[in-house]
Amino acid sequence: MINIDKIFLERDLKDSPRANSIISHFSHLTPKIIDRYDEIFGKVKKPYLQKRQSVSLFIANKKGNLVKEAPEAYGTVGEKHFYFIHAFNCIYECEYCYLQGYFHSPDLVLFINHEDIIKEIKDVASQHPNDRIWFHAGEFSDSLALTHLTGELQVYFDFFRDNSNLIMELRTKSDNIDSLLSLSPVSNIITSYSLAPKKNLDYKAPTIDERLQAISRLHRAGFPIGIHLDPIIPSKNFNEVYSDLLYHLNEAIPLKEVQYFSLGVTRFPENIYHQVKKNYPQSILFNEHMLKDKNGIVRSPRPIRFPLMENIKQQIFDYDVEKSKIYLCME
Ligand code: SF4
């Protein structure tokens, strides 16, 4: 678990049972009362790798846009995708994480006004009454890593159970699944795991084996599972490495029963690319030939990346997975 050195609590939340329940997990710390988290969070630049020592925790209400439209090619093709924001930053550390250049601080922010988020989800859904709409959690954090502290899953499960035309995705690398397992599965809430071959790019996230075990437990308990093979990591024995990963994944959950697979290569907006280079100058990510494309995204050129994704697609098809279940992320 990441080391929390300070807690900042917004004044309006002083008497909030939800906030106090989170604080009770850190009985050695006395929260500092502040007016608004964004008067402090990220105001002074804090190095991303400071998270290896300690970070501060902000407990706040999110104001402004709580639900945002996802970029094109973010999710399954032909459907509308939005993400909602209930946390900033993550307790894990992955070399390719774009959060390292996104905020000016690795401090954690937990937003606890989930009812406001759900109200905005309802508003967005009401504007698209005839569409199948996705709402993704975990765009700026990991969706499960702190659920034993935050306890919000029940709120979202209650809403999505009653709104079966909407889909929620919990994106994660976490094996912190006890809170999830304590709930009854809902067919339109999909827990999606990011997997990559074992290459030591994820320092603090659960290992691939631990993630596979979590997937297996959730699948056996009836929770729908999605898989992100993202970022795809090239290597000399690429075919064998992914064949091995898919073999073990298929043991955790028959691939035919995975709801969808998304495939994506390592990619960064230019400013984040430079930040990653600064934090991890020796990273094998930089063995790849990468170029900035016309949209300002740094990634390997199409003639390199498409054959990699095609290779994995074909390997997944060998498990009798329907073609429509695979999409290419951000392509
Ligand atoms: S788990 Fe995701 S959000 Fe967390 S550090 Fe890794 S890439 Fe970033």
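Two strands are taken to pair if DSSP finds at least two bridges between them. In this predicted model, strand β1 (residues 4-10) and strand β3 (residues 55-60) satisfy that criterion, with five bridges in the parallel sense. I4 has V55 of β3 as its bridge partner.

## Overall architecture

The protein chain contains nine helices and 16 strands. Its C-alpha trace spans about 55 × 45 × 35 Å along the principal axes. A compact globule of 331 residues would have a radius of gyration near 20 Å, and the value for the protein chain, 20 Å, agrees with this.

Of the 331 residues, 40% count as buried. Contacts between residues at least 6 apart in sequence are made up, to 79%, of pairs at least 24 apart.

## The five-stranded open sheet

The pairing of β1 with β3 belongs to an open sheet of five strands, arranged in the order β2-β1-β3-β7-β6 with mixed pairing. The edges are formed by β2 (32-34) and β6 (87-88); each has a single partner strand, so one side of each is left without a neighbour in the sheet.

## Pairing from β4 to β10

A further series of pairings can be followed from β4. Strand β4 (residues 67-69) runs antiparallel to strand β5 (residues 80-84), and three bridges join them. Within this pair, V67 stands opposite F84 of β5. Strand β5 is in turn joined by four bridges to strand β8 (residues 133-137), here in a parallel arrangement, with Y83 opposite H136 of β8.

Strand β8 is also joined to β9, by five parallel bridges, and A137 stands opposite L170 of β9. From β9 the pairing passes to β10, again parallel and over five bridges; M168 has I189 of β10 as its bridge partner.

## Burial of strand β9

How many of the residues of strand β9 (residues 166-172) are buried? Seven of its seven residues are, and the strand is accordingly described as mostly covered. The burial involves both faces: L166, M168, L170 and T172 lie on one side, while I167, E169 and R171 lie on the other. Two of the buried residues, M168 and L170, also appear in the bridges described above, M168 opposite I189 in β10 and L170 opposite A137.

## The ligand shell and A145

The ligand is surrounded by C90, Y92, E93, C94, C97, L99, D142, K173 and A205. Classified by residue type, this shell comprises six nonpolar and three charged residues, with no polar ones.

Two residues of the shell, C90 and Y92, are also touched by A145, whose contacts include I91, S174 and N176 as well when residues up to four places away in sequence are not counted. A145 is located in the loop between β8 and α3 (147-150). With 25 C-beta neighbours inside 10 Å, A145 counts as buried, the threshold being 20 or more. The C-alpha atoms of A145 and V124 are separated by 27 Å, although the two residues are 21 apart along the chain.

## The loop residue K199

K199 occupies the loop between β10 (189-195) and α6 (208-220). It is partly exposed, having 14 other C-beta atoms within 10 Å; this class lies between the limits of 12 or fewer for exposed and 20 or more for buried.

Leaving aside residues up to four places away in sequence, K199 touches I233 and I284. K199 and I233 are 34 residues apart in sequence, while their C-alpha atoms are 8.6 Å apart in space.

## The two sides of helix α8

Which residues of helix α8 (residues 270-279) are buried? They are Y273, Q275 and V276. These residues cover an arc of only 165° around the axis, and therefore lie on the same side of α8.

The buried residues of α8 pack against β13 (267-269) and β15 (297-299). On the face turned away from this buried side, α8 carries the exposed residues E270 and N271.

Notes:
Residues are numbered from 1 along each chain as its sequence is written. This is a predicted model: local features need pLDDT of at least 70, side-chain atom pairs count only at pLDDT 80 or more; totals for chains, interfaces and linings use all residues. The arc is that of the directions from the helix axis to the C-beta atoms. Two residues are in contact if their C-beta atoms, placed from the backbone, lie within 7 Å. A residue is near a molecule or strand if its C-beta atom, placed from the backbone, lies within 6 Å of it. Ala, Val, Leu, Ile, Met, Phe, Trp, Tyr, Cys and Pro count as nonpolar, Asp, Glu, Lys and Arg as charged, and the others, Gly among them, as polar. The radius of gyration is taken over C-alpha atoms; the globule rule is 2.2 Å times the number of residues to the power 0.38.
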